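Colleague: I would like to learn how features such as pockets, burial and unusual backbone geometry are read from a model. Could we go through them one by one?

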Amino acid sequence: MDSPLIINIQRYSIHDGDGIRSTVFFKGCPLSCRWCHNPESQRFSPEVLFHAERCTGCGACTNACTHGALENRLSCTGCGACADVCLSGARERVGEPMSVPALCALLARDLPFYEESGGGVTLSGGEAAAQDMNYLEALCRHLVRAGIRVNLDTCGYVEPQRLLTLLPYTDVFLFDVKLIDSARHREWTGVGNERILENLILLTSRGAKIDVRIPVIGGANADEENIRQTAAFLRREVPGIRRVYLLPYHAAGSGKYAQLGRRYEGEAFFRPDNAALEAMRVVFAEEGISGVRIGA
Ligand code: SF4
Ligand code: SF4
C-alpha cells in the first residue's frame, strides 16, 4: 500500500460538509483548473514552496541541493533537502506521507466535536479518490469503525470503480460540477467532463447522498448559459441530489503559483457580485432547483 502525500489537515472546518469537520487535503489531482487556489495540491509528487520574503540569503539551500535545482527549478526532485537546512522557513516542503493508523489517530482526537456537531472527516485535495485505493479503503474502514462519518470531496474525474468502492463508507459526496459543455471544461480544467457527469449519474443511481458544488468563476463559467445548462442537467439527470452550492471565486491562492515557480493564469478571473449570484439562484429556481446555497 502506497501512502499518499498529504499537504494539510485542517481541523474545526465548517465548510466541507455538515458540522465540525477535519479535512484531509491529499496531494495530486487529475485536473488542472486554471483558477485552482491550491496549486500545491495539483501534482502527486512532493514539492517545495519558496517564500522569498523570508529568505536571508544565507546560501544553505544552494549548498544542500545536489541537483542544481536552485539554478534550474526544472531539475528539482522535491527531495526537501533545501527545506531541511533553511532556518528561516523560506523553503517549505509540501506533501508528507502518513500511515493509516497515524492519520486515524490524529483525526480521532476531535471525535467529541464530530459527535456533538454532526460532523466528521472530509477527504479532499487535490483529489482524494485518485489516491492509492488500498490506503483509501483502509482509512475509510478505520474511520467508520471508529464512529466517524466520512465525506468525500471529489472532482469526479476518476475510474467509476473507485467511487463505487468508497461509496459504502461515504456519508456525503461533495461533488464538483464546473462546466456542462465538455469543450469548455477541457479548456479551463485540462480534461473533458464526460466521465465526471457519468460518475455523478452513477452515484445518484446507487443512492449516494450528494451535495453538488459549483465553483463560480467570473470570466470562466459564471455565464448564464453555463449556469442554466448546469441547473437543467442536475434536474434532469440527478434529481436525487441533496443540495447545490455556488462557491464564488476568490484569489487567495494566487500567490502560491510564484512560490512554486509557476505562472498564475487567472488574472482575468473575478468574483461575481452578490446581485449576479442571486441571479444565478433565480436561474436554478426557474429550472426547478430551489434552495441553492451561496458559499460553502
Ligand atoms: S536556506 Fe533559506 S534563508 Fe538561506 S538562502 Fe536558502 S532559502 Fe534563503
Ligand atoms: S527540493 Fe530543494 S534540495 Fe531537493 S532538488 Fe529541489 S531544490 Fe534541490
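Modeller: We will take the domains and pockets, then a few residues, and then the backbone.

Modeller: This is a predicted model, so to speak, by its record: local features need pLDDT of at least 70, side-chain atom pairs count only at pLDDT 80 or more, and totals for chains, interfaces and linings use all residues. Residues are numbered from 1 along each chain as its sequence is written, chains are lettered from A and ligands numbered from 1 in the order in which they are written, and side-chain values use heavy atoms, with hydrogens and water left out.

Colleague: Into which domains is the protein divided?

Modeller: Domain bounds come from an automatic or database domain assignment, and here they give domain 1 (5-44 + 99-294) and domain 2 (47-94). The C-alpha centres of domain 1 and domain 2 lie 32 Å apart, and the contact between them (heavy atoms within 4.5 Å) takes ten residues from domain 1 and seven residues from domain 2.

Colleague: How is a pocket found, and what volume does the largest pocket have?

Modeller: Rolling a probe the size of a water molecule over the atoms shows where empty space is left. On a 1 Å grid over the protein atoms alone, a pocket is an open set of points where a 1.4 Å probe fits, with protein on both sides within 12 Å along at least five of seven lines, and lining residues have an atom within 4 Å of a point. Grid points are joined across faces, edges and corners, and a volume is the space filled by probe spheres set on the points. By that reckoning the largest pocket has a volume of about 1,000 Å³, and of the 38 residues that line the largest pocket, H37, N38, G125, D153 and R213 are the closest to its centre.

Colleague: Which elements give two or more residues to the lining of the largest pocket?

Modeller: Helices (H or I, at least four residues) and strands (E, at least two) are DSSP runs, numbered from the N terminus. The elements giving two or more residues to this lining are β1 (5-13), β7 (150-154), β9 (210-216) and β10 (243-248), and the largest share, four residues, comes from β1. For the chemistry, Ala, Val, Leu, Ile, Met, Phe, Trp, Tyr, Cys and Pro count as nonpolar, Asp, Glu, Lys and Arg as charged, and the others, Gly among them, as polar; the lining of the largest pocket then divides into 15 nonpolar, 15 polar and eight charged residues.

Colleague: Where does the second largest pocket lie with respect to the domains?

Modeller: The second largest pocket lies between domain 1 and domain 2, because both give residues to its lining. Its volume is about 430 Å³, and of the 23 residues that line it, V48, A69, R73, C76 and T77 are the closest to its centre. At least two lining residues each are supplied by β3 (47-50) and α2 (81-85), and the lining divides into twelve nonpolar, six polar and five charged residues.

Colleague: Is T189 buried or exposed?

Modeller: Buried means under 20% relative accessible area, exposed over 50%, and partly exposed in between (1.4 Å probe, protein chains only). T189, in helix α7 (residues 182-189), counts as buried because its relative accessibility is 0%. A polar contact is a pair of N or O atoms within 3.5 Å; within protein, one must be able to donate a hydrogen and the other to accept it, and residues adjacent in sequence count only if both atoms are side-chain atoms. The side chain of T189 reaches the backbone oxygen of H185 at 2.7 Å and that of V191 at 3.2 Å.

Colleague: How many residues apart in sequence are C33 and T189?

Modeller: C33 and T189 are 156 residues apart in sequence, yet 4.0 Å apart in space, C-alpha to C-alpha. C33 lies in the loop between β2 (21-26) and β3 and is buried, with a relative accessible area of 10%.

Colleague: What should I look for in the backbone?

Modeller: Most residues other than glycine have a negative phi, and most peptide bonds are trans. Here the peptide bond from G125 to G126 is cis, with omega near 20 degrees, and G126 lies in the loop between β6 (120-124) and α5 (133-145). Y12, in strand β1, has a positive phi of about 60 degrees although it is not a glycine.
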